[in-house]
Each structure stands twice: as structure tokens, then as C-alpha cells.
Amino acid sequence: MDYTLMVEAAAEMQDVVVIGGGAAGLMCAATAAARGRKTLLLEHNKKPGAKILISGGGRCNFTNQDAVAAAYLSENRHFAKSALSRYTPWDFMDLLARHGVTWHEKTLGQLFCDQGAGRILKVLLDECAEAGAVVRTGVAARSVRFEDGRYKLTTSEGVISASKLVVASGGLSIPKMGATGFAYDVARQFGLKVVTPEPALVPFTFKDHDLAFMKPLAGVAADSMVSCGKTSFREALLFTHRGLSGPAILQISSYWHAGEAVTINLLPDEADVLGWLKDVRDSRPKAALKTILAEKLATRLADAIAESWPGIMASFSNKTLEVIAARLGAWEVVPAGTEGFAKAEVTRGGVDTDCLSSKTMEAKAQPGLYFIGESVDVTGWLGGYNFQWAWASGWAAGQYV
Ligand SMILES: Cc1cc2nc3c(=O)[nH]c(=O)nc-3n(C[C@H](O)[C@H](O)[C@H](O)COP(=O)(O)OP(=O)(O)OC[C@H]3O[C@@H](n4cnc5c(N)ncnc54)[C@H](O)[C@@H]3O)c2cc1C
């Protein structure tokens, strides 16, 4: 017997191995172990749940009360329905309540933990411990083989054998926190398709005259309606040194493709911007445009826009007012790009849902292999939707492994 075979003969035998100690993996491991399955979770970071800990500014926006499939991007908009309907935001709230955790709603159905993100992670780790799931950190999954009906996982600490393998290793966002393309490699190895992973919920970068306008405004925020194609979000926009960010921009970035224009309405409460400008010209002809705009926008932003039109309202022709109205209500910009995976809150794309069962998250053509969480081509809006998908898909797989 050569050395490799000896190691494999001594391979640890598990019912279930979960790769990745993030939101989805921890939920799945706890659920599987609670069903009596001998479960081992592997995380290559020194500690599990890195993204949970930094989420929601340290308060973890752990779910959204409106987490329906329409709030998720996927090549198959129906795929997420099954898992989301079987493990709802209220199920997660029940779990938190059982552990004495409390929360509050900030806005738009977003729920945040009163005790901080660390408490959410503790709930998941306590659930794993109570159910008997072993969480092993500092161990990286390197490669997988399927032999004699079992998965042989080569890790940085030797070979582990499991009858069910759950890949919960996330997407490519924030490599410095441990993100890898492991899930995509395993998917492709077993013949599953992968929808091209791209940065999502990510700030836009700009060049040339757009950046020259935006950069001096870094730090200025504006309530705005931001659109790309048929999709619009009304939330805050934030100017940065490299372009645009803020919730409205992060949201629309998930729908944006290179080269496309984004339209920004800086006066979303004004149904008819041109009509409003004409009214003001009549009622306050001697007022400067910057004075008028500063009543609705941050002064720095009002000044920057009005720089191109320094005169008083009475001096503007209808044609000029049309141009100003378009600049305020339908400002069209073409981002040069995004801040990339280094800054993206999530990854759009991932393991193609056509290859997975929406009920169990198991690969249709590869029995015993499961993909959950962000590794799958299901991407939520900003506001707690991504964690809800992690809980729901992790729970769904945990019921069947
Ligand atoms: C800054 C930031 C803030 C966020 N805030 C929120 C929020 O408030 N609300 C919300 O809903 N979503 C938020 N998100 C998104 C959310 O964190 C993710 O959607 C969610 O964590 C995905 O969970 P997951 O378990 O699928 O993947 P991850 O949390 O990425 O977990 C995957 C784990 O697998 C490990 N891993 C990778 N490769 C290997 C390997 N080969 N071997 C072993 N382990 C491996 C990784 O180290 C990681 O711990 C935020 C994201 C970021 C970056």
C-alpha cells in the first residue's frame, strides 16, 4: 500500500462535510447535525463567520421582512422561491428569540441585531455545538474526488471522506477576508454550469469629466432615484473620490453591465422638474440657480451643478431650462467600471440554478453534492436579503443531506 492509499484508508468518515464557515455553511451544519447526521464543517480562516461580523456596520442586517424571490437576481427568478418560503425571516427571528437575542427595524424591512453581529455568529455556533456539528477552522478544502459513492476531500490537514458534500464557500467578494473560487471549481469539475461571477452591490468608478465633477464632491450625499434599464432604486447616493457609491448605487450596480448608462434623478420628489424650474423663473426671476437648487440639494452639490449656469433664473431660455431639468432629473452617466471584488458586498452569478434542485440544493446530475449561499446564482438586494438567502438555502440543504 502506498502512502496516499494509507492516508485515504485512514480518512475521517463523515456523513456530511460542509465547506465554508459563513452564514450558509453554519446554518446547514447545525440543521444537518440536529437531524442526527455526523457533520463536520471546515473553514480555512482562523475564525468562522468573518462576513457576519463585519456586516451591517457591525450590527448585522440579518434579514429583510420582505425577502421574496423578486428581490433576488438569478437567471431563474423562480429558483429561490422554494427555499425562501420554507425558511422565512420569521423562522430566523424565532431562532434568535430562543437565544434571547433582540433586534430592531431600521428602514425598508431591514432587521438589525441589538446585541451586535457577534451575537448572531454566537447563535449559529451554539446551534452547531448543541446539535453536535464539529466546526473546524484553519483547514482549507483543496480538491474533491467522488469514488465508490463517497466524496474524498483533500484538505490542508489530510483526506476526509463524506457521503454528502455541501459547498458553502461563498463567492469571490472580498478575497482578503477569505473568498475563493472553490465552489465554481468544484461545480465545473462535476459538469455543472457556472453563471459568470461578477462584483455586485459595488461602488462605480468614473473617468475624465465625470470624475472631475464627482471627486470634489466626495462625502456629499443625495436622495435620488437611480435607474439602469427597467430597474430603479430610490435611496441615498454618495459621491466618492473614485465616483459614486451609497445604497442607491450599490443596488443598481447589481443590474449594471459594462458600457451601460445609469440615469440619476437628483430630485425624485419633483414629478415635473422642467415645470418646477419654469414656475421658479416666474416667481423668483432674480434668484440664482444655485440658490434655488440649494433649497433641495446639499449646498456643495447645488453649487457644482449651477457652475455651468451662473445667471439668474430670468436669464434662462426655455431651451436652457430643458437642459438644466435633464441634468437634475435624468442625469445620464456611463460608469468606467466598478471597484471590483475587493469592494463588492456580494458576487452576482455563481453555480447555475438549472443544475440544482430548488428543494434540496443538490446537484441534479451529481447525487450527494450540494451548493448553498452566495456560491449559487442567487443574489439579493442590499438590506438583509443575502443573509436570508444564506439561512434559507443552508436550512433547505440541511434538511436533506
Ligand atoms: C462588508 C459586507 C457587509 C455585508 N453586510 C450584509 C448585511 O448586513 N446583510 C446581508 O444580508 N448581507 C450582507 N453582506 C453579504 C453577506 O455577507 C453574504 O451574502 C453572506 O455572507 C454569504 O454567506 P455564505 O455563507 O454563502 O458565504 P461567506 O459568508 O462568504 O462564507 C464562505 C466561507 O467559506 C470560506 N472558504 C472559502 N473557500 C474555502 C476553502 N477552500 N476551504 C475552506 N473554507 C473556505 C470563507 O473563508 C468563508 O468563511 C455583506 C457583505 C460584505 C462583504
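Q: What is the bridge partner of Val262 in strand 17?
A: In this predicted model, Val262 has Val333 opposite it in strand 17.

Q: What makes strand 16 and strand 17 a pair?
A: The bridge count does. DSSP has to find at least two bridges between two strands, and strand 16 (residues 262-265) and strand 17 share 3, running antiparallel. Those 3 bridges meet the cut-off of at least two, so the two strands count as paired.

Q: What makes strand 17 and strand 18 edge strands?
A: Look at the order of the open sheet: 17-16-13-14-15-12-18, 7 strands with antiparallel pairing. Strand 17 (331-333) and strand 18 (337-338) each pair on one side only, and that's what puts them at the edges.

Q: Which helix packs on the sheet at strand 16 and strand 17, and at what angle?
A: That's helix 13 (residues 318-329), which touches both strands. The direction of helix 13 makes about 105° with that of strand 16.

Q: How do you know that strand 13 and strand 14 pair up?
A: Count bridges again: 8 of them join strand 13 (residues 221-228) to strand 14 (residues 231-239), in the antiparallel sense. Since the cut-off is at least two, the 8 bridges here settle the matter. One of the facing couples is Met225 with Arg234 of strand 14. The hairpin has 2 residues between the strands, and Gly229 has a positive phi near 60° there.

Q: How do you know whether strand 14 and strand 15 count as a pair?
A: This one sits right on the cut-off. Strand 14 and strand 15 (residues 243-245) have 2 bridges, antiparallel, and at least two is what the definition asks for, so they pass. Phe239 faces Leu244 in strand 15, and the hairpin joining the two strands runs through 3 residues.

Q: Why is one side of strand 3 and of strand 5 left without a neighbour in the sheet?
A: The sheet is open, with 3 strands in the order 3-6-5 and antiparallel pairing. Strand 3 (61-64) and strand 5 (103-105) stand at its edges with a single partner strand each, so one side of each stays free of a neighbour in the sheet. From one strand to the next, the twist averages 30°. Strand 5 is joined to strand 6 (residues 110-113) by 3 antiparallel bridges, with His104 set against Phe112. Helix 5 (residues 89-98) lies across strand 3, strand 5 and strand 6, at about 140° to strand 3.

Q: Why is Thr353 called buried?
A: Its relative accessibility is 2%, and buried means under 20%. So 2% puts Thr353 in the buried class. You'll find Thr353 in the loop between strand 19 and strand 20 (369-371). Leaving out neighbours within four places in sequence, Thr353 is in contact with Ser74, Asn76, Phe79, Val376, Asp377 and Val378.

Q: How do you know whether Asn386 is buried or exposed?
A: Check the relative accessible area, which is 18%. The limit for buried is under 20%, so at 18% Asn386 counts as buried. Asn386 is part of helix 14 (residues 385-398). Not counting residues up to four places away in sequence, Asn386 touches Leu201, Val346, Thr379, Gly380 and Trp381.

Q: Which residues of helix 7 are buried?
A: In helix 7 (residues 182-189), Phe182, Ala183, Tyr184, Val186 and Ala187 are. After the helix comes Gly191, with a positive phi near 80°.

Q: How do the residues of the second largest pocket's lining divide into nonpolar, polar and charged?
A: There are 3 nonpolar, 6 polar and 5 charged residues. The pocket has a volume of about 270 Å³. Of its 14 lining residues, Leu73, Ser74, Glu75, His257 and Arg348 are the closest to the centre. Strand 11 (194-200) and strand 19 (346-351) are the elements giving two or more residues to the lining; strand 11 has the largest share, with 3.

Q: What share of the contacts in the protein joins residues 24 or more positions apart?
A: It's 72%, taken over contacts with a separation of 6 or more. For the wider picture, the protein has 14 helices and 21 strands, and 55% of its 401 residues count as buried. The C-alpha trace spans about 90 × 45 × 35 Å along its principal axes.

Methods. Residues numbered from 1 in each chain as written. Predicted model: local features only at pLDDT ≥ 70, side-chain atom pairs only at ≥ 80, totals over all residues. Heavy atoms only, no water. Buried < 20%, exposed > 50% of the residue type's maximum accessible area, 1.4 Å probe, protein only. Helix = DSSP H or I, 4+ residues; strand = E, 2+ residues; numbered from the N terminus. Axes fitted to C-alpha atoms, helices over the stretch in contact; angles between N-to-C directions. Contact = heavy atoms within 4.5 Å. 1 Å grid on protein atoms, 1.4 Å probe; cavity = no way out; pocket = protein on both sides within 12 Å on 5 of 7 lines; lining within 4 Å. Points joined across faces, edges and corners; volume = space filled by probe spheres on them. Nonpolar A, V, L, I, M, F, W, Y, C, P; charged D, E, K, R; others polar.
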